[in-house]
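Hello,

I am passing a structure on to you, and a few notes on what turned up in it follow below. I hope they help you find your way around.

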Amino acid sequence: MIALNSQILDKDSNQPVPYAQIKIVGEPKGTQADVNGRFRLNVLPGSLIEIVSIGYYKRRDYINSNPAAFYLDPNPVEIQEITIRPEKKESKTTGFDSLA
């Protein structure tokens with residue numbers, strides 16, 4: 001058994017990737033990194049793990065040692081520009097003209 005005690009880092013900035021999901025492929029076992037990208041997980045030698053986080057490409061690794069860190073490649077997500085405008089309010093009339 002290998003006791004993984006590692007960290008998930010952004011490959012470009014070297015900053016922690018908080019709350020990344022780490023699972024053993026083919027098993028219901030996994031964990032989540034903390035706010036600092038750190039996690040612990042017991043795996044059998046040769047196990048395939050998968051690491052996913054929003055804004056990053058998925059990573060898969062076979063585990064035969066306890067690496068200090070796993071690096072995720074950023075996957076920038078572009079959204080289209082949106083414009084927010086206030087609603088137009090319709091004026092209500094009573095149907096009566098001025099009283100003469």
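A residue is called exposed when its relative accessible area is over 50%, and buried when that area is under 20%. Please keep in mind that this is a predicted model.

Let's start with Ile54. Its relative accessibility is 84%, so Ile54 counts as exposed. You will find Ile54 in the loop between β5 (47-52) and β6 (59-63). Pro76 lies 22 residues from Ile54 in sequence, and their C-alpha atoms are 9.6 Å apart in space.

Next, the charged side chains. Side chains of opposite charge can pair when their charged atoms come close. The model has five salt bridges, and several of them involve Glu50. One of these pairs Glu50 with Lys23, with 3.8 Å between the closest N and O atoms. That pair links distant parts of the chain, since Glu50 is in strand β5 and Lys23 in strand β2 (residues 21-24), 27 residues apart.

Lys58 also forms a salt bridge with Glu50, again with closest N and O atoms 3.8 Å apart. For Arg60 and Glu50, the closest N and O atoms are 2.8 Å apart. This salt bridge joins strand β6, where Arg60 sits, to Glu50 in strand β5, 10 residues away. Through shared partners, Lys23, Glu50, Lys58 and Arg60 form one network of salt bridges.

How accessible are these four? Glu50 is buried because its relative accessibility is 8%. Lys23, at 41%, is partly exposed, and so is Arg60, at 46%. Lys58, at 54%, is exposed.

Best wishes

How values were computed. Residues are numbered from 1 along each chain as its sequence is written. This is a predicted model: local features need pLDDT of at least 70, side-chain atom pairs count only at pLDDT 80 or more; totals for chains, interfaces and linings use all residues. Side-chain values use heavy atoms; hydrogens and water are left out. Helices (H or I, at least four residues) and strands (E, at least two) are DSSP runs, numbered from the N terminus. Buried means under 20% relative accessible area, exposed over 50%, partly exposed in between (1.4 Å probe, protein chains only). A salt bridge is a side-chain nitrogen of Lys or Arg within 4 Å of a carboxyl oxygen of Asp or Glu.
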